[in-house]
Amino acid sequence: MAETSDFKAQPPAGIDAIGASSEGASLYQLIREDIIEGRLAANERLVVTDLARRHGTSTNPVREALQLLRGEGFVTFVPNRGARVRPIDQDFVRDIYEIGVLIEPALTRWFVNMATVEDIAELERIQGLIEENDFADTFRHSELDTAFHTVMYQKHYNRHAAELWWKHREVLRAVSRRFNFTLARRAAILSEHRELIAHVKAGNANEAAELIARHVEGSGRHILEHMRARNAARAG
């Protein structure tokens, strides 16, 4: 079996995964990880000079990183009060996946009408790797699953829609790292991917769009259920 690093998902062509200097990009990753893992608390003020001192850098890369995090929704800016950590709560996740439910069916419908034999072969290849992995390595699954959907969206003419999908996908991937897949969700992912490939082969654009809407909503609800269970356990 190939190494996990061989499956690193990449954004659709023309979309920069980071869009900052190398130092700003590194800080973006570090600060985002601190937010996701709770080392930076919800609503905590993010002072540029303090972050620069903590990470041993100048203030410009920190400002770059905070702007990127603002674009993803991890950081909010309040006039005269600066940047703060946005709570990674159920409302945040709901808003993100509901946008996906609106966008992805349109991207999928277009893909079905334009898909080539090579595109379908690539979907089948990646799906084979997903099934081979069978959720044993959750990081690998996440990378492969993202690559599967990228095949469908990477050629779309609306680069703004594709970029929005990618950014929101990355947010949900980051949040979902906290949780394991239930057996029911694992089965749904595998069967829905196979059904989607069948619709693409048959040219069933509307059926594929309806399926992807259910697929995205199922993924979002799965994360929300885990979040509710975790919050209930903490409250208890």
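A residue counts as buried when its relative accessible area is under 20%. By that yardstick, 44% of the 236 residues in the chain of this predicted model are buried.

What about the overall dimensions? The C-alpha trace spans about 55 × 45 × 35 Å along its principal axes. For 236 residues, a compact globule would be expected to have a radius of gyration near 18 Å, and the chain, at 19 Å, agrees with that. Contacts tell us something about how the chain is put together: of those with a separation of 6 or more, 73% link residues 24 or more positions apart.

As for secondary structure, there are 9 helices and 3 strands. Read from the N terminus, the elements follow the order α-β-α-α-β-β-α-α-α-α-α-α.

Turning to the outside, the accessible surface of the chain adds up to about 12000 Å², and carbon and sulfur atoms hold 50% of it. Charged side chains come as 31 positive and 34 negative ones, with 7 Å between the centres of the two sets.

One residue can serve as a landmark. Phe 139 sits in helix H6, which covers residues 138-153. Its relative accessible area is 40%, so Phe 139 falls in the partly exposed class, the one between the buried limit of 20% and the exposed limit of 50%. Measuring along the sequence, Phe 139 is 85 residues away from Leu 224, while in space the two are 20 Å apart, C-alpha to C-alpha.

Methods
Residues are numbered from 1 along each chain as its sequence is written. This is a predicted model: local features need pLDDT of at least 70, side-chain atom pairs count only at pLDDT 80 or more; totals for chains, interfaces and linings use all residues. Side-chain values use heavy atoms; hydrogens and water are left out. Helices (H or I, at least four residues) and strands (E, at least two) are DSSP runs, numbered from the N terminus. Buried means under 20% relative accessible area, exposed over 50%, partly exposed in between (1.4 Å probe, protein chains only). The radius of gyration is taken over C-alpha atoms; the globule rule is 2.2 Å times the number of residues to the power 0.38. Contact means heavy atoms within 4.5 Å. Accessible areas come from the Shrake-Rupley method with a 1.4 Å probe; for residues, only the protein chains shown count as cover. Lys and Arg count as positive and Asp and Glu as negative; His and the chain ends are not counted. The place of a charge is taken as NZ of Lys, CZ of Arg, CG of Asp or CD of Glu.
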